[in-house]
Amino acid sequence: MTGQRALLAQHLQSKRSAFSVEQIRTDLPSVGRATIYRTLKILVDSGALCKTQLPDGSPRYKRDDPAHHHHVVCTRCGNVEEFRHESVEQTLSSIESDLPGVMVGHRLEIFIICEKCLKAT
Ligand SMILES: [Zn+2]
Ligand SMILES: [Zn+2]
Ligand SMILES: [Zn+2]
């Protein structure tokens, strides 16, 4: 079990682009699904991995810069990119006075069909 964990952790470290649980299962068939989910949860909770979702609810994971950012997600291939825009942050903080409390965070995902997928059609 510990060996599986180490193998999995090492594999996740090497991933640069977004991935799904199914991809990890294909890459590492010897590692059990429960171990994958448990490890991913620990990494997401500790901030080492970002978790985002496609519009159908299927999760994608990615290693990102830990600074505040949003995600641009391709709904066809599931690729995830980081997105930062100052005017988005300003707009969101400007609505704080209209909220029934103090804003402690926000989440924003933008869904696209990426250029690679557009070219493939
Ligand atoms: Zn991210
Ligand atoms: Zn795409
Ligand atoms: Zn933001």
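## Three zinc sites in one predicted chain

Among contacts in the chain between residues at least 6 apart in sequence, 44% join residues at least 24 apart; contact means heavy atoms within 4.5 Å. This is a predicted model, in which local features need pLDDT of at least 70 and side-chain atom pairs count only at pLDDT 80 or more, while totals for chains, interfaces and linings use all residues. Residues are numbered from 1 along each chain as its sequence is written, chains are lettered from A and ligands numbered from 1 in the order in which they are written, and side-chain values use heavy atoms, with hydrogens and water left out.

**The chain as a whole**

The chain holds five helices and five strands. Helices (H or I, at least four residues) and strands (E, at least two) are DSSP runs, numbered from the N terminus. Their order from the N terminus is α-α-α-β-β-β-β-α-β-α. Along the principal axes, the C-alpha atoms fill a box of roughly 50 × 40 × 25 Å. The chain has 121 residues, and 30% of them count as buried. Buried means under 20% relative accessible area, exposed means over 50%, and partly exposed lies in between (1.4 Å probe, protein chains only).

The domain assignment gives domain 1 (2–49) and domain 2 (70–120). Such bounds come from an automatic or database domain assignment. The centres of domain 1 and domain 2, taken over C-alpha atoms, are 25 Å apart.

**The zinc sites**

Donors are N, O and S atoms within 2.8 Å of the metal (3.2 Å for Na, K and Ca); water is not among the atoms, so sites may look incomplete. The table lists the protein donors.

| Ion | Donors | Distance | Spacing in sequence |
|---|---|---|---|
| zinc ion (ligand 1) | Cys-50 (SG), Asp-64 (OD), His-69 (NE2), His-71 (NE2) | 1.9 to 2.2 Å | C-x13-D-x4-H-x1-H |
| zinc ion (ligand 2) | Cys-74 (SG), Cys-77 (SG), Cys-114 (SG), Cys-117 (SG) | 2.3 Å | C-x2-C-x36-C-x2-C |
| zinc ion (ligand 3) | His-68 (NE2), His-70 (NE2), Glu-89 (OE), Glu-89 (OE), His-106 (NE2) | 1.9 to 2.5 Å | H-x1-H-x18-E-x16-H |

Take the zinc ion (ligand 2). Cys-77 lies in the loop between strand 3 (70–74) and strand 4 (80–83), and Cys-114 in the loop between strand 5 (109–112) and helix 5 (115–120), so the pair ties together parts that are 37 residues apart in sequence. Cys-77 is partly exposed, at 42% relative accessible area. Cys-114 is buried, at 13%. The four donor atoms make angles of 105 to 115°, and the site is tetrahedral. Four donors count as tetrahedral if all angles lie between 85 and 135 degrees; four count as square planar and six as octahedral if opposite donors are over 155 degrees apart and all others between 65 and 115; anything else is irregular.

The zinc ion (ligand 1) is also bound by four donor atoms, and their angles of 106 to 117° make the arrangement tetrahedral. Two of the donor residues, Asp-64 and His-71, are both buried.

The zinc ion (ligand 3) has donors from His-68 and His-106, among others. This pair links distant parts of the chain, 38 residues apart: His-68 sits in the loop between strand 2 and strand 3, and His-106 in the loop between helix 4 (86–94) and strand 5. His-68 is partly exposed, with a relative accessible area of 44%. His-106 is partly exposed too, at 28%.

**Around His-70**

His-70 is found in strand 3. Is His-70 buried or exposed? At 2% relative accessibility, His-70 counts as buried. The His-70 side chain makes a polar contact with the side chain of His-68 (3.4 Å). A polar contact is a pair of N or O atoms within 3.5 Å; within protein, one must be able to donate a hydrogen and the other to accept it, and residues adjacent in sequence count only if both atoms are side-chain atoms. A polar atom of the His-70 side chain also lies 3.4 Å from the backbone nitrogen of Leu-108. Beyond its neighbours within four places in sequence, His-70 is in contact with residues including Glu-81, Phe-83, Glu-89 and His-106.

**A hairpin**

Strand 1 (residues 50–53) and strand 2 (residues 59–62) pair in the antiparallel sense over four bridges. Two strands pair if DSSP finds at least two bridges between them. Lys-51 has Tyr-61 in strand 2 as its bridge partner. The two strands form a hairpin with five residues between them, and Gly-57 in the turn has a positive phi of about 95°. Strand 1 has a covered face, Cys-50 and Thr-52, and an uncovered one, Lys-51 and Gln-53. Cys-50 is also a donor to the zinc ion (ligand 1).
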